[in-house]
Amino acid sequence: MKVLVAVDKGPESQMALRYACHLLQDFDVHVAALYVKPDLAEMTPETTYAPFYSKEALEKTIETETLRVGQQIRSVCNELTSAVGVCEPILAVGDPSDEILHAADQANAMEFIGSGPKPSVRMIG
């Protein structure tokens, strides 16, 4: 079975990743932790609140955040690899809702969503 956990910069998504790994520790499962980086080509002043950022500064900020989130995901995956068979970080670029659904559909994966106080679970496919 493959489980997709969508993660972002917030602590709720990191908790969803931990929750998924602990919940599935007795099963033969592949956990994929997906982070969706914003697509700079699609960003406009209307879609982003960054009035004091130049395009270069915004790019640098997004790259820094992406590296930080990637390190957090790898840290959680390394910590929880003994709980599940595989915990794999994945990076996509684009609109988060589209990329999450696309990745879940491609992998025929169960999906954990980590926003709010309680993660939700749904089967895709």
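**Exercise 1. Strand pairing**

Which residue in β3 does H30 stand opposite? Use the answer to work out how the strands around β2 are joined.

*Solution.* The model is a predicted one.

Step 1. H30 stands opposite V86 in β3.

Step 2. Strand β3 covers residues 86-93, and eight bridges join β2 to β3. The two strands run parallel.

Step 3. Turn to β1, which is joined to β2 by six bridges, again in a parallel arrangement. A6 has L34 in β2 as its bridge partner.

Step 4. Add the helix: β1, α1 and β2 form a right-handed β-α-β unit.

Step 5. Place this unit in the whole chain, which has three helices and five strands. Starting at the N terminus, the order of elements is β-α-β-α-β-α-β-β.

**Exercise 2. Burial of β2 and the cores**

Decide how far β2 is enclosed, and list the elements that build the largest nonpolar core.

*Solution.*

Step 1. Count the buried residues of β2: seven of its eight residues are buried, so the strand is largely enclosed by the rest of the structure. For the chain of 125 residues, the buried share is 36%.

Step 2. Find the largest nonpolar core, which has 17 residues. V5, V7, L17, V31 and I73 have the most contacts inside it.

Step 3. Assign the core to elements: β1, α1 (11-23), β2 (30-37) and α2 each give two or more residues to it.

Step 4. Note a second, separate core of nine residues, with L4, L34, A92 and I100 among them.

Step 5. Set this against a general tendency: in soluble globular proteins, nonpolar side chains tend to be buried together.

**Exercise 3. The surroundings of V7 and T66**

Determine whether V7 and T66 are buried or exposed, and name the residues that each one touches.

*Solution.*

Step 1. Locate V7 in strand β1 (residues 2-7). Its relative accessibility is 6%; because the limit for buried is under 20%, V7 counts as buried.

Step 2. Leaving out residues up to four places away in sequence, V7 touches S13, Q14, L17, L34, Y35, V36 and I73.

Step 3. Compare sequence and space for V7 and I90: they are 83 residues apart in sequence, and their C-alpha atoms are 9.8 Å apart.

Step 4. Locate T66 in helix α2 (residues 55-80). T66 has 10% relative accessibility and counts as buried.

Step 5. With the same exclusion of residues up to four places away, T66 touches Y35, K37 and L91.

Step 6. For the chain, consider contacts with a separation of 6 or more: residues 24 or more positions apart account for 70% of them.

**Exercise 4. Salt bridges**

How many salt bridges does the count come to? Describe each pair and its exposure.

*Solution.*

Step 1. The count comes to two salt bridges.

Step 2. One joins the side chains of E65 and K9, at 3.3 Å from N to O. E65 is in helix α2 and K9 in the loop between β1 and α1, 56 residues apart.

Step 3. Both residues of this pair are partly exposed: E65 has a relative accessible area of 23%, and K9 is at 42%.

Step 4. Another joins the side chains of E63 and K37, at 2.3 Å from N to O. E63 lies in helix α2 and K37 in strand β2, so this pair ties together parts 26 residues apart in sequence.

Step 5. Here the exposure is split: E63 is partly exposed at 35%, whereas K37 is buried at 13%.

Key
Residues are numbered from 1 along each chain as its sequence is written. This is a predicted model: local features need pLDDT of at least 70, side-chain atom pairs count only at pLDDT 80 or more; totals for chains, interfaces and linings use all residues. Side-chain values use heavy atoms; hydrogens and water are left out. Helices (H or I, at least four residues) and strands (E, at least two) are DSSP runs, numbered from the N terminus. Buried means under 20% relative accessible area, exposed over 50%, partly exposed in between (1.4 Å probe, protein chains only). Contact means heavy atoms within 4.5 Å. A nonpolar core is a set of buried Ala, Val, Leu, Ile, Met, Phe, Trp, Tyr and Cys residues joined through side-chain atoms within 4.5 Å. Two strands pair if DSSP finds at least two bridges between them. A crossover is right-handed if, with the strands pointing away from the viewer, the path from the first strand over the helix to the second runs clockwise. A salt bridge is a side-chain nitrogen of Lys or Arg within 4 Å of a carboxyl oxygen of Asp or Glu.
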